[in-house]
Amino acid sequence: MAGPDLPSSQTVAWIETPGPDTGKLVIRNNVDIQQPGDNEILVKLECSGICHSDCRNVEGMGSYTEIPGHEGVGTVVALGPSASTSLLGKRVGVKWLYSACSECAACRRGQANNCPKQRNTGRSTRGTLQQYVVARADFVTLIPDGVASEVAAPLLCAGLSLAGAVSKLSPEVQPGEFVAIVGAGGGLGHIGVQIAASKGYKVIAIDSGAEKQQLCKEMGAVAFVDYAKEDVVETVKALTDGEGANGVICVAGTDKAYNQAVQLVRNTGVFVCVGLPPDSFMFPMSPIHIANQGLVIKGSSTGTPEQMDELLQLALQSKITPKIEVYDFEDAPKIIQELQRYEVTGRKVVRAPA
Ligand SMILES: [Zn+2]
Ligand SMILES: [Zn+2]
């Protein structure tokens with residue numbers, strides 16, 4: 001099945017002793033290359049973005065595999081039985097959604113990203129921080145010629161997650177109205193600022209530090225609120241006629257971020273949950289406040305294939321321009337530590353070993 005030119009082993013990034021304090025990512029050589037099964041393909045990776053949710057694997061939160069990563073771009077080098085032969089040699093993106101059931105209500109309405117039986121890259125199967133990854137033939141994304149692999153990588157999770165989240169603002173929030181993005185300067189947030197601004201929303205970016213401030217302004221935010229220096233609730237209210245933002249997208253995945261973010265939305269506004277706090281954390285607002293405010297609360301987990309294709313077309317036209325920094329594969333453990341400390345502005349992408 002694998003071509004004669006494929007090596008017998010590979011280099012990967014592997015999680016040792018996963019746990020909140022003990023987990024660490026290490027570079028490991030001589031790891032087996034998995035073979036594609038029914039309707040699967042083998043992708044020789046060029047690069048992979050590293051997402052904040054990869055830290056969950058390292059910290060042992062939820063279920064995970066030893067190899068994280070779900071923003072991989074590479075070339076299809078081998079096919080499993082019944083995988084479409086047209087994919088061989090194509091450049092594809094390997095996303096968080098490894099597969100879905102295609103039969104449940106969510107799948108039938110075109111939202112496989114909300115399928116309760118979904119399997120996920122890096123969670124159910126080995127992730128993209130390796131040289132060769134197995135993916136499902138019917139769930140990879142074709143990358144258009146003209147979009148560089150390292151530009152496409154962060155769109156596969158970060159970009160798609162925020163395309164999905166911004167779409168949830170409709171129909172309640174109209175162009176010209178205020179949208180606050182909490183965690184706006186990180187990998188997901190900064191692309192969200194650009195997508196929301198391109199839809200005509202007035203984006204209030206909330207994050208910390210001069211570097212993230214500059215990036216958010218470049219991406220089209222009308223205001224930046226530094227949570228380390230300012231009273232976020234007061235400042236956002238002052239920017240929005242005293243009422244709060246019409247829409248709030250909480251990208252940051254901490255208890256603290258959610259506790260504050262719910263105070264930023266005006267009555268009859270929309271609150272979109274994107275960031276992933278620990279599983280034990282509950283939405284920090286009482287039903288009585290939700291009722292009195294007429295609040296609309298929506299959840300958003302990645303996005304649809306249509307949103308993915310639209311995003312890649314916008315990247316091709318240079319209308320979506322993720323801020324990326326490309327590093328060697330050996331830098332992956334250091335990048336995970338930086339993500340754990342919320343120090344990464346934009347997205348860091350690693351090149352797979354040649
Ligand atoms: Zn991700
Ligand atoms: Zn399903």
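**Exercise 1.** Determine the geometry at the zinc ion (ligand 2) from the angles among its four donor atoms.

*Solution.* Start with the donors, which are N, O and S atoms within 2.8 Å of the metal (3.2 Å for Na, K and Ca). The protein supplies Cys101 (SG), Cys104 (SG), Cys107 (SG) and Cys115 (SG), at 2.3 to 2.4 Å from the zinc ion (ligand 2). Next, take the angles: they run from 105 to 118 degrees. Four donors count as tetrahedral if all angles lie between 85 and 135 degrees, and the site is therefore tetrahedral. For comparison, the ideal angle for four tetrahedral donors is 109.5 degrees.

This model is predicted: local features need pLDDT of at least 70, side-chain atom pairs count only at pLDDT 80 or more, and totals for chains, interfaces and linings use all residues. Residues are numbered from 1 along each chain as its sequence is written, chains are lettered from A and ligands numbered from 1 in the order written, and side-chain values use heavy atoms, without hydrogens and water.

**Exercise 2.** Write the sequence spacing of the donor residues of the zinc ion (ligand 2), and state whether cysteine 107 and cysteine 115 are buried or exposed.

*Solution.* The spacing is C-x2-C-x2-C-x7-C. Cysteine 107 and cysteine 115 are both buried (under 20% relative accessible area, with exposed over 50% and partly exposed in between; 1.4 Å probe, protein chains only).

**Exercise 3.** Find which residues of the largest nonpolar core touch the most other members.

*Solution.* A nonpolar core is a set of buried Ala, Val, Leu, Ile, Met, Phe, Trp, Tyr and Cys residues joined through side-chain atoms within 4.5 Å. Of its 45 residues, the answer is Leu155, Leu169, Ile181, Val193, Ile195 and Ile249.

How values were computed. Tetrahedral: all angles 85-135°; square planar, octahedral: opposite > 155°, others 65-115°.
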